[in-house]
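Reader: I'd like to learn how to read a fold feature by feature. Could you walk me through one?

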Amino acid sequence: MTQSICIITGSTLGGAEYVADHLEHCLTEQGFQVSLFNQATLADIQNQSALIVVTSTHGAGELPENIQPLFNTLANSDVDLSAMRFGVVGLGSSDYDTFCGAVAIAENGLKAKGAQQVCESERIDVVNNFDHDATAEAWLPSFLAGLE
């Protein structure tokens, strides 16, 4: 059976969407079935067994507007995500003291509903890392190993 992986994005300027598109391409080439949501809802993710969150950090360490409603709904629901395993790739600027703050929000929001984080989150500093796709791709094997 082909492993199915869901990717959701939190993006303000499009950087996280580009990284998510690249990860989708990498996974598809490896034979995975991938679904990608740029405006994810609870219905999109609640029955997924493997989830990758790719998000930038917005404002004062917050989730971007396109993913915030999902995590608000998640926090106010009684959904059980204990069958889900997940990983997070974050993009942020180390010029801010809230560097990649959205990563912790995503991790904590999913863990609060029983989801299991399978690897260390990747925090990409856009100040000194100019190849976000390659950095996320290098993180991918640790995520996949966590699914085994």
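Reader: In which sense do β1 and strand β2 pair, and over how many bridges?

Author: Happy to start there, with the reminder that this is a predicted model. To read a strand pair, look at the direction of the two strands and at the bridges that join them. Here β1 and β2 (residues 33-37) pair in the parallel sense, over 5 bridges. For a landmark in β2, take Val34, which stands opposite Ile5.

Reader: What lies between β1 and β2 along the chain, and what is the hand of the crossover?

Author: Follow the path from one strand to the other and note which way it turns. From β1 the chain passes through helix α1 (residues 15-29) before reaching β2, giving a right-handed β-α-β crossover.

Reader: How many bridges join β1 to strand β3?

Author: There are 5 bridges between β1 and β3 (residues 50-56), and these strands run parallel. Cys6 has Leu51 of β3 as its bridge partner. So that you can place β1 itself: the strand spans residues 4-10, and 6 of its 7 residues are buried.

Reader: Is Ala20 buried or exposed?

Author: For burial, read the relative accessibility against a cut-off: buried means under 20%. Ala20 has 0% relative accessibility, so this residue counts as buried. Ala20 belongs to helix α1, and its C-alpha atom is separated by 7.6 Å from that of Ile8, 12 residues apart along the chain.

Reader: Which residues lie nearest the centre of the largest pocket?

Author: With a pocket, ask about its space, its lining and the character of that lining. The largest pocket holds about 360 Å³ of space. Its lining has 18 residues, with Leu13, Ser56, Thr57, Leu91 and Gly92 nearest the centre. Helix α1 and strand β4 (85-92) each contribute at least two lining residues. By character, the lining divides into 7 nonpolar, 11 polar and no charged residues.

Reader: How many aromatic pairs does the count come to?

Author: For ring pairs, check the centre distance and then the angle between the planes. The count comes to 1 aromatic pair. That pair is Trp139 with Phe143, at 5.5 Å centre to centre and 20 degrees between the planes, and it is stacked. Both residues sit in helix α5 (residues 132-147), 4 residues apart, which is about one turn of the helix.

Reader: Why does Trp139 count as buried?

Author: The same cut-off applies: under 20% is buried. Trp139 counts as buried because its relative accessibility is 4%. Phe143 is buried too, with a relative accessible area of 0%.

Conventions. Residues are numbered from 1 along each chain as its sequence is written. This is a predicted model: local features need pLDDT of at least 70, side-chain atom pairs count only at pLDDT 80 or more; totals for chains, interfaces and linings use all residues. Side-chain values use heavy atoms; hydrogens and water are left out. Buried means under 20% relative accessible area, exposed over 50%, partly exposed in between (1.4 Å probe, protein chains only). Two strands pair if DSSP finds at least two bridges between them. A crossover is right-handed if, with the strands pointing away from the viewer, the path from the first strand over the helix to the second runs clockwise. On a 1 Å grid over the protein atoms alone, a cavity is a set of points where a 1.4 Å probe fits but cannot get out, and a pocket is an open set with protein on both sides within 12 Å along at least five of seven lines; lining residues have an atom within 4 Å of a point. Grid points are joined across faces, edges and corners, and a volume is the space filled by probe spheres set on the points. Ala, Val, Leu, Ile, Met, Phe, Trp, Tyr, Cys and Pro count as nonpolar, Asp, Glu, Lys and Arg as charged, and the others, Gly among them, as polar. Rings of Phe, Tyr and Trp (its six-membered ring) pair if their centres lie within 6.5 Å; planes under 30 degrees apart count as stacked, over 60 as edge-to-face and the rest as tilted.
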